[in-house]
Amino acid sequence: SMSAENDDDADGSAAAVIKLAPFNPTCSQAQNTAISMLHLEEDDVLFDLGCGDARLLILAAATIPSLRCVGIEVDPVFTSRAQDSISTLDCSVASRIDVRLGDALDTTVLGGGGGGDGGMWGK
């Protein structure tokens with residue numbers, strides 16, 4: 001079920017953030033199992049809707065050469081944590097991970113809004 005939480009914005013005002021699920025980090029064993037079961041290949045793009053701190057995307061990108069990863073996270077705290085973690089990675093991995101602040105139920109957050117820019121990788 002969806003829940004609304006009030007978070008204080010930077011300017012001190014309260015904004016309702018709708019969350020589809022609470023943040024529940026996945027252990028590394030389950031992450032490895034998930035990556036294995038997905039049979040990801042180098043030319044795939046892995047989307048993680050509600051990516052939290054992007055730990056699954058980071059592991060997947062580090063494990064599978066050339067895999068591109070996109071995470072959508074509604075909570076700016078976790079989006080910031082994800083971007084901070086990604087910034088510490090080698091550029092060959094970090095350049096293949098894109099974490100976006102947005103609502104996973106809003107399809108425009110995926111970059112397909114007709115802008116013609118082709119999204120993150122020009123495709």
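Q: Where is the place of S66, and between which elements?
A: This is a predicted model, in which local features need pLDDT of at least 70 and side-chain atom pairs count only at pLDDT 80 or more, while totals for chains, interfaces and linings use all residues. Residues are numbered from 1 along each chain as its sequence is written, and side-chain values use heavy atoms, with hydrogens and water left out. Helices (DSSP runs of H or I, at least four residues) and strands (DSSP runs of E, at least two residues) are numbered from the N terminus. In these terms, S66 is in the loop between α2 and β4 (68-73).

Q: What is the phi of S66?
A: Most residues other than glycine have a negative phi. S66 is a residue other than glycine with a positive value, and its phi is near 75°.

Q: Is A54 buried or exposed?
A: A54 belongs to the loop between β3 (45-49) and α2 (55-63), and its phi is also positive, near 70°. Buried means under 20% relative accessible area, exposed over 50%, and partly exposed in between, with a 1.4 Å probe and protein chains only. Because its relative accessibility is 0%, A54 counts as buried.

Q: In what order do helices and strands follow one another along the sequence?
A: The protein chain has four helices and five strands. Read along the sequence, they follow the pattern β-β-α-β-α-β-α-α-β.

Q: Which residues of β4 are buried on the side opposite R68, V70 and I72?
A: Six of the six residues of β4 are buried, so the strand is largely enclosed by the rest of the structure. Both of its faces are covered, with R68, V70 and I72 buried on one side and, on the other, C69, G71 and E73.

Q: Which residue of β4 is the bridge partner of F47?
A: Strands β3 and β4 run parallel and are joined by five bridges, where two strands pair if DSSP finds at least two bridges between them. Side chains alternate along β3, so that L46 and D48 point to one face and are buried, whereas V45, F47 and L49 point to the other and are not. Of the latter group, V45 has R68 as its bridge partner in β4, and the partner of F47 is V70.

Q: How wide an arc do the buried residues of α3 cover around the axis?
A: Helix α3 (residues 76-87) has twelve residues and reaches 16 Å from its first C-alpha to its last, close to the expected 16 Å, a span defined as 1.5 Å times one less than the number of residues. Its buried residues are F78, T79, A82 and I86. They are on the same side of α3, because the arc, taken from the directions from the helix axis to the C-beta atoms, is only 105°.

Q: Against which elements do the buried residues of α3 pack?
A: Packing rests on contact, which means heavy atoms within 4.5 Å. The buried residues of α2, which are L56, L57, I58, A60 and A61, pack against α1 (28-38), β3, β4, α3, α4 and β5. Those of α3 pack against α2, β4, α4 (91-94) and β5 (97-101).

Q: What share of the contacts between residues at least 6 apart in sequence joins residues at least 24 apart?
A: Buried residues make up 31% of the 123 residues in the protein chain. Among its contacts between residues at least 6 apart in sequence, the share that joins residues at least 24 apart is 53%.
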